[in-house]
Amino acid sequence: MAESFTRTNMLPALPPPISERGLVKWARENLFSTWLDIFLTVAAFLVIGWLAWSAFPWWRNSVWNAGSLAECRQVVAAAAGEGAPGACWAFLRPWWGAYIFGNFFPRDEWWRPVLTFGLLFAALAPVLFAGQKRNLTIVLGAVTVFLVLALYLASAPGTAFVIAMLLVGGLLALAQVRSDRLLGFTVVFPFICFWLLWGGSIWAPIVAMAGFGILYAVFRLASPHIGLAPAAGLGVVVAVVWWLFAVAPVAQAIDSVIPLGLPSVNSDQFGGFLLATVIGVTGITFSLPIGILLALGRQSDMPIVKTLCVVFIETIRGVPLITLLFVAAFVLGFFLPPNSDFDLLLRVLILVTFFSAAYLAEVLRGSLAALPRGQYEAADALGLDYWRAQRLIILPQALKISIPAIVSSFIGLFKDTTLVTIVALYEPLKGITAVVRQDVNWKGIYWEPYIFVGTIFFVFCFGMSRYSKYLERKLKTDHR
Amino acid sequence: LGEKQGEAMTLASDMPTESFRLSMLVFDTRYRSYTIQAVVLALFVMAIVWLGYNLDQNLDSRGKELSFRFLWQRAGYDIPQKLIPYTNDSTHFRALLVGLTNTLVVAFFGCVFATILGVFVGVLRLSNNWLVSRLMTVYVEMFRNVPLLLWVLLSYAILTEATPDPKDFRVTDEMVVAGEAPAATMKLFDTVAVTSRGTNFPAPLIERGFGSFDLGFMSLNLTFLAIISVIAGSIYANRRILADAKAKQEATGIRPATWWKSPLVLFAPIIALLVALGLHFEFPVLAGFNFKGGLLVAHAFTALLIALTLYTAAFIAEIVRAGIQAVSGGQTEAAYALGLRPNRTMSLVVLPQALRVIIPPLISQFLNLTKNTSLGAAISYSDISGTLGGITRNQTGREIECVFLMMAIYLSISLTISMAMNYYNSSVQLKAR
């Protein structure tokens, strides 16, 4: 009987060769696959090595506690030897307040911007996380913690503490019971914000807010009789009359009976990141509705409306922001009624809003054009009128697909707030840093302040762009 | 029943021919747009009249009037960087022109360098090399998320504060004896000196020029014109040679050799012209407390150019990356299936399609860069927002005129660039459909 040499049992599998597994395989594929690849890797290593070589000792020898740049250098020399590089972060100790609030903002009132900043997130949360109770609770909880810490650091008076905690506690409770009602806070937040930052009598913002109530009341009462659009027009006219002629005397009258208010702070005392945030947030808030209207106007069939919108958008997009800031600083005053006291910050805010609105309008125009024609036709076929079609069908889709572009234009706006330094406002980058660099103690410092300001801008802008990526994923409804 | 139907028919056919009523202006969608437009126009005119009235009142109360005559007055200030002749005796209009040329020159070089760097970074970001693509991502995110003004100010601060003074370059006799080296030396084979006052480059000079020709309102530099026309002629001749070669290749299948003709046509005439003109370089030399000779480039220009290039390149890199990714992988595979080599695949298949996606956003980046040159005002670069919008406005007190003139100039630059680039864009877009 012939012997069978056929193997009946399987050999155990050998491990793959060393070059085909683990770190070696990964490095071969990702770092050294071709000659060009090897060259690039070596070059990248050299660049990283050079950066680390020059930056690491500088960072390691950082000095956080000194009275002047010369003292910093002495400390570095004593610790790491003569001529050793060393960062000097000690300038932050005397100047951090100026970087955050501006160097003229009264120290006793620092708690007000802090409270406003915390409440800003409480007001944003219902918009960003509509109806998500868990996320809302997390944000409001974080705001509470932030406010406790920051108000303590800003040495807020006890009453401010109590008011802040009552407010946030109320919001937290509301988030648990009726989280959809939180939007109400978002609506009144601009008035709270205005009052907290600029101070003065509490009645002025309340009476101004009443203008919107009047608008709504007129609209509701008149619309059954004269139709929606005329009623809205009438409401706006009555509200504008209220704002123009009634707000000041009425607020004064109430104030003389019940005086209640905060010490007022002038616009020219604003500075630092407070100023950048005020300009950025105001610009973003007001430019979105204006931008939507401009984009719709540009799409409209009405030649006059369309022409006006196109000219406005293209003119503003064709000139640099700096020229618009020049307009705000030097020219706008000539076009306003004589003796009207629009202060510089307000004029800058107007122009920045226009600037941002024109860019947003262009972004939205793209997404309006990208919507399939069928969506417009379907809206018409359902018998929706223009505004209902826009509100229910067109804009939700258009806004959704333009989210990344809208957020990047907001990032652009936030970065552009630094340009107000050209019209002598104390923004953090040049305004405050120039003050620091002119200080006798800190003359000659440049890396550290710019890195400090740049890092803060980076954190905000990068955070916003990451959030837009998240939103894009969340709102994605197509099936791919 | 028939009677009823007939009634219905008559009813249907007898649609009441509605006469026009005033209420239709509000309630009828056919006419409503006229009402809206009339209201908008009325509001607009009212706004213009209101603004004009305010302007009139304000000008009256300040005893001013609108006039552009100040442009022909003596400017009386010096401009550090000028590409056209200018002294402080020149007019404000001349200062405007100097500022405009300064704006354009930084915008031009910025666009060129930013495109080169941006394409480089964008391609490297897509590379399979893990380390390089991460490094490029860090670069892009770092520059995109920090204000441009920071890069402008930082590069200016580094250039002015971290560079040696001219006196540090001095080599004294005692130092020679002691064998000591000076504190600072010139870069690039002793041709470029970077000092705290600026960068000194070698200046190209010619011995024999063609002189200039006076046109009355401006003078034409004939030497410059000759150089430009020779270069343009060479490029045109080279194109003809390539087109001929292509035609021959298509007719006969054999491509005539062009490898020596092209460089010859491109470079020989210009070299001959430059030799005939006697081109030589004047090198910067340390004389006393400062460098003399050569071309002094102000740090404001260098810093602005560096910052604009690095910042805009980060955006262009993203555009390039998105453009290349937009070309589907099937295109590359099809090209390989046809037997094209990788670099021909890139140049013949991927790039032409990617360009279609890349160019429109690239145009807006060029526009942004041009507008961002106005940030030079922060480091007192004498561009148009520094001369017209800065010193001229300050000296003459003509805020309205200066600011509007400046806006009009920027607007026309923007419109010109976007028109030129849109023309180029339409030439690379798909011709079919």
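**Notes on the disulfide and the A–B interface**

1. A:C72 and A:C88 are joined by a disulfide, with an S to S distance of 1.9 Å. Please keep in mind that this is a predicted model. Over all chains the count comes to one disulfide.

2. The torsion about the S-S bond of A:C72 and A:C88 is about 65°, so this disulfide is right-handed. A:C72 sits in helix 3 (residues 69-80) of chain A, while A:C88 belongs to the loop between helix 3 and helix 4 (92-101), so the pair ties together parts 16 residues apart in sequence.

3. Are the two bonded cysteines buried or exposed? A:C72 is buried, at 3% relative accessible area, and A:C88 is buried too, at 2%. Two further cysteines are worth a look: A:C309 is buried at 10%, and B:C111 is buried at 13%.

4. On to the interface, where 57 residues of chain A contact 58 residues of chain B. The two chains bury about 5,000 Å² between them, with 76% of that on carbon and sulfur atoms. On the chain A side, A:F334, A:F335 and A:K415 lose the most area to chain B, together 15% of what that side buries.

5. For polar links, the interface of chain A and chain B has one salt bridge. A:R437 pairs there with B:E161, the closest N and O atoms lying 2.6 Å apart. There are also 16 residue pairs in polar contact across this interface, both residues at pLDDT 80 or more.

6. Which helix of chain A gives the most to the side that touches chain B? Helix 13 does, with ten residues. The residues of that side divide into 40 nonpolar, ten polar and seven charged.

Definitions and conventions: Residues numbered from 1 in each chain as written. Chains lettered and ligands numbered in written order. Predicted model: local features only at pLDDT ≥ 70, side-chain atom pairs only at ≥ 80, totals over all residues. Heavy atoms only, no water. Disulfide = S-S within 2.5 Å. Helix = DSSP H or I, 4+ residues; strand = E, 2+ residues; numbered from the N terminus. Buried < 20%, exposed > 50% of the residue type's maximum accessible area, 1.4 Å probe, protein only. Contact = heavy atoms within 4.5 Å. Buried area = accessible area lost by both parts, 1.4 Å probe. Salt bridge = Lys/Arg side-chain N within 4 Å of Asp/Glu carboxyl O. Polar contact = N/O pair within 3.5 Å; in protein donor to acceptor, adjacent residues only side chain to side chain. Nonpolar A, V, L, I, M, F, W, Y, C, P; charged D, E, K, R; others polar.
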